[in-house]
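Reader: I'm happier at the bench than in a structure viewer. Could you walk me through how to read this one?

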Amino acid sequence: MIHPSYFELMDLVNAGAGEGEEPIVTSRYSIVLGTAKRARQLVSANCTTYDGEEKKPLSIAVEELKNGQIHILRQEEENFEDEK
C-alpha cells in the first residue's frame, strides 16, 4: 500500500484552493504527473537524499508534496509561469 494514498495527497493539494474555487487536482493522474515531473528534476540534479536518507527520486517527490515543499499548479497557471 502506498502511503500517503492518492486521496490524502489530493486533499492536501486541494486544501490550497480558496473556498468556492475549483479544486486544483481532480484526479489521481494529476498527482502522478506532478510527482513524476518533480522526480525527473531530482534525477537531473542528482539529488537522492531526503532528511539524511538515501531515497528514490519518486519517493522524495511524494514526501515533498506531502510536506508542502512543492505545489501542483493548474494547467493554465503552469502555462502562465512558462510565459514569464
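Author: Sure, and let's start with a word we'll need: contact means heavy atoms within 4.5 Å. Keep in mind that this is a predicted model.

Reader: Okay, then which residues is Asn14 in contact with, leaving aside its neighbours within four places in sequence?

Author: Pro23, Ile24 and Val25. Asn14 itself is found in helix α1, which covers residues 6-14. There's a polar pair here too: a polar atom of the Asn14 side chain lies 2.8 Å from the backbone nitrogen of Val25.

Reader: Before I trust any of that, where in the chain is confidence lowest, and where is it highest?

Author: That's what pLDDT is for: it gives the predictor's confidence in each residue, from 0 to 100. The lowest stretch is helix α4, residues 75-83, with a mean of 53. At the other end is helix α2, residues 28-44, at 92. For the chain, the mean is 82, and 86% of residues reach 70 or more.

Reader: Now the helix pairs. At what angle do α1 and α2 pack?

Author: About 80°, with the axes 10 Å apart. Angles from 65 to 115 degrees count as roughly perpendicular, so that's the label for α1 and α2. On the α1 side, the contact is made by Tyr6, Leu9, Met10 and Val13; α2 brings Arg28, Ile31 and Val32. Sorted by class, that's six nonpolar residues, one charged and no polar.

Reader: And how do α2 and α3 pack?

Author: Helix α3 spans residues 57-66, and its axis is 8 Å from that of α2, at an angle of about 120°. That angle makes α2 oblique to α3. The crossing of these two is right-handed. From α2, the contact takes in Ile31, Thr35, Ala36, Arg38, Ala39, Leu42 and Val43. Across from them, α3 supplies Pro57, Leu58, Ile60, Ala61, Val62, Glu64 and Leu65. By class, you get eleven nonpolar, one polar and two charged residues.

Reader: That leaves α1 with α3. What are the angle and the distance between axes there?

Author: The angle is about 45°, and the axes are 9 Å apart. So α1 is oblique to α3. Leu9, Leu12 and Val13 of α1 meet Val62, Leu65 and Lys66 of α3. This contact has five nonpolar residues, one charged and no polar.

Reader: Which residues of α1 should I click on to see α1 meet α3?

Author: Try Leu9, Leu12 and Val13. Then look again at α1 with α2, where Leu9 and Val13 are among the α1 residues making the contact.

How values were computed
Residues are numbered from 1 along each chain as its sequence is written. Side-chain values use heavy atoms; hydrogens and water are left out. Helices (H or I, at least four residues) and strands (E, at least two) are DSSP runs, numbered from the N terminus. Axes are lines fitted to C-alpha atoms, for helices over the stretch in contact, and angles run from 0 to 180 degrees between N-to-C directions. Angles under 35 degrees count as roughly parallel, over 145 as roughly antiparallel, 65 to 115 as roughly perpendicular and the rest as oblique. A crossing is left-handed if the near helix is turned anticlockwise from the far one by less than a right angle, and right-handed if clockwise. Ala, Val, Leu, Ile, Met, Phe, Trp, Tyr, Cys and Pro count as nonpolar, Asp, Glu, Lys and Arg as charged, and the others, Gly among them, as polar. A polar contact is a pair of N or O atoms within 3.5 Å; within protein, one must be able to donate a hydrogen and the other to accept it, and residues adjacent in sequence count only if both atoms are side-chain atoms.
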